[in-house]
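The following paragraphs lead through a single protein chain, from selected loop residues to the interior and its voids. Please keep the model in view while reading.

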Amino acid sequence: FDHRSISVFPTHLIAAQARRIEEKEYAYEFLDISTDSDGKPSVTTSNKRPITEFPISKKTEDKTGVLVVWERPIKDPTFGQYYASIDPVSEGKTTTSESLCSIYVMKAPVEVTRISGTETETYVEQDKIVAAWCGRFDDINKTHQRLELIIEWYNAWTVIENNISLFIQYMISRKKQRYLVPKGQIMFLKDIGSNANVFQEYGWKNTGTLFKAHLLSYTIEYTKEELDVETKTDGTIVRTKYGIERIPDPMLLKEMQEYADGVNVDRLVSFAALVAFMRIQQSNRGYSKRVVMDDAAKNLQKSENLFKLNRSPFRHVGGNRVSNRTDSNRSAFKNLK
């Protein structure tokens, strides 16, 4: 990437991550998303490609982009397993704006307990970007429909920049506002006392220095966070794994590297809000938990449960009393005159 001489992001980490992406370390799919016969989200492989022009020219005809998926949703995801963030647009076809609609979906971190036979291992699966779309349709209703389907497919609780409220009103009209995070539950607003005079029920308003002075700092730390180290047998560190390796989108890296006052960074805005929201959610609620058992552990558990059932403390109670009586007319008062 070409980049500015001064960047708020760690350019050496960005460059290394860009190389990993170019070397195909991250598998992905390009998908179209629509509704099936039951009205549920359905995806098919697409021949389209994501927008790679930055900044995009106002005269570019096709700005629809494509849904990029690095990991499809798990079956029947529960609320809280996925989060999303949207930077919306205010209109459809335009030759006067270079703004694009941007959505990122992230999988929440999970504390996993893996049981293998008689051994137990506990570790944390880090959060990660699982899907992204950046683009816009000439018909803004199609833009809203795409956002709705992505959110519904992942069952993602979604934060949205509410400077433009059209998508919020769309979701309310569809009776799907349950997917939108109310302003009162966006903790990064409470922490800095921002948006106190904003009377929108859902989302956050990008005013003042909120993005530049607060949300960016969460994102910068996210990229520099040390996740793991690879060491030799003598303890010498071979490589440190940083948080930026959770970002598989080259265009998001491009916006990080090109960020400066006045530069339109739709992807970075939506991603920064998502990181800030999820970080505070995690610190307040902790990790969700999952237990994974291999076949040996499952068989052992079944044996233990069967053993428990066969050794009931009540197995001798009434053991010698056998009765085949079916007389339902017996009364405790039969001898009373």
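Lys-175 is found in the loop between helix H3 (166-173) and H4. In this predicted model, phi of Lys-175 is near 55 degrees, a positive value in a residue other than glycine. Lys-175 counts as exposed because its relative accessibility is 67%, where exposed means over 50%. Asp-76 also has a positive phi, of about 50 degrees, although it is not a glycine. Its place is in the loop between E3 and strand E4 (82-87). With a relative accessible area of 62%, Asp-76 is exposed.

A further backbone feature concerns a proline. The peptide bond from Phe-54 to Pro-55 is cis, with omega near -10 degrees. Pro-55 belongs to the loop between strand E2 (41-45) and strand E3 (67-69). Both Phe-54 and Pro-55 reappear below, in the lining of the largest cavity.

The chain as a whole may now be considered. The secondary structure of the protein comprises eight helices and 12 strands. Of the 337 residues in the protein, 43% are buried. Among contacts between residues at least 6 apart in sequence, 65% join residues that are at least 24 apart. The accessible surface comes to about 19,400 Å², and carbon and sulfur atoms account for 48% of that surface.

Which residues touch the most other members of the largest nonpolar core? They are Phe-188, Trp-204, Leu-215, Ile-247, Met-256, Leu-268 and Phe-271, out of 49 residues in that core. Two or more residues of this core come from each of helix H1 (11-22), strand E5 (101-107), strand E8 (128-135), strand E9 (157-160), helix H4 (187-192), helix H5 (210-224), helix H6 (250-258) and helix H7 (266-285). H7 provides the largest share, 11 residues. Ile-247 illustrates the packing: leaving aside neighbours within four places in sequence, it is in contact with Gln-17, Ile-21, Ile-129, Tyr-222, Thr-223, Leu-252, Leu-253, Met-256 and Phe-271. Another core, of 31 residues, lies apart from the largest one and includes Tyr-82, Ile-86, Ala-131 and Phe-137.

Helix H7 merits separate attention. Its 20 residues reach 29 Å from the first C-alpha to the last, close to the 28 Å expected at 1.5 Å a residue. Because 15 of the 20 residues of H7 are buried, the helix is largely enclosed by the rest of the structure. Gly-286 follows H7 and has a positive phi, near 75 degrees.

Thr-143 offers a view of a buried position in another helix. Its place is in helix H2 (residues 140-154). Is Thr-143 buried or exposed? Its relative accessible area is 1%, so Thr-143 is buried, the limit for that term being under 20%. Not counting residues up to four places away in sequence, Thr-143 touches Val-89, Cys-101, Trp-133, Arg-136 and Phe-137. Among these contacts, Phe-137 is also one of the members of the core of 31 residues.

The empty spaces remain to be described. A search of the whole structure finds three cavities of 30 Å³ or more. The largest cavity holds about 80 Å³ of space. Its lining consists of Glu-53, Phe-54, Pro-55, Ile-56, Glu-98, Leu-100, Cys-134, Glu-255, Asn-264, Asp-266 and Arg-267. The cis bond from Phe-54 to Pro-55 therefore joins two residues that line this cavity, since buried or not, lining residues have an atom within 4 Å of a point.

One of the lining residues, Glu-255, lies in helix H6. At 1% relative accessibility, Glu-255 counts as buried. Leaving aside neighbours within four places in sequence, Glu-255 is in contact with Phe-54, Val-265, Asp-266, Arg-267 and Leu-268. The C-alpha atoms of Glu-255 and Asp-266 are separated by 8.5 Å, the two residues being 11 apart along the chain.

The largest pocket has a volume of about 470 Å³. It is lined by 23 residues, of which Phe-30, Pro-50, Pro-248, Asp-249 and Pro-250 lie nearest its centre. H1, E8 and H6 each supply at least two residues of this lining. H1, E8 and H6 are also among the elements that give two or more residues to the largest nonpolar core.

Technical notes
Residues numbered from 1 in each chain as written. Predicted model: local features only at pLDDT ≥ 70, side-chain atom pairs only at ≥ 80, totals over all residues. Heavy atoms only, no water. Helix = DSSP H or I, 4+ residues; strand = E, 2+ residues; numbered from the N terminus. Buried < 20%, exposed > 50% of the residue type's maximum accessible area, 1.4 Å probe, protein only. Contact = heavy atoms within 4.5 Å. Areas by Shrake-Rupley, 256 points an atom, 1.4 Å probe, with all protein chains shown as cover. Core = buried A, V, L, I, M, F, W, Y, C linked by side-chain atoms within 4.5 Å. Expected span 1.5 Å × (residues − 1). 1 Å grid on protein atoms, 1.4 Å probe; cavity = no way out; pocket = protein on both sides within 12 Å on 5 of 7 lines; lining within 4 Å. Points joined across faces, edges and corners; volume = space filled by probe spheres on them.
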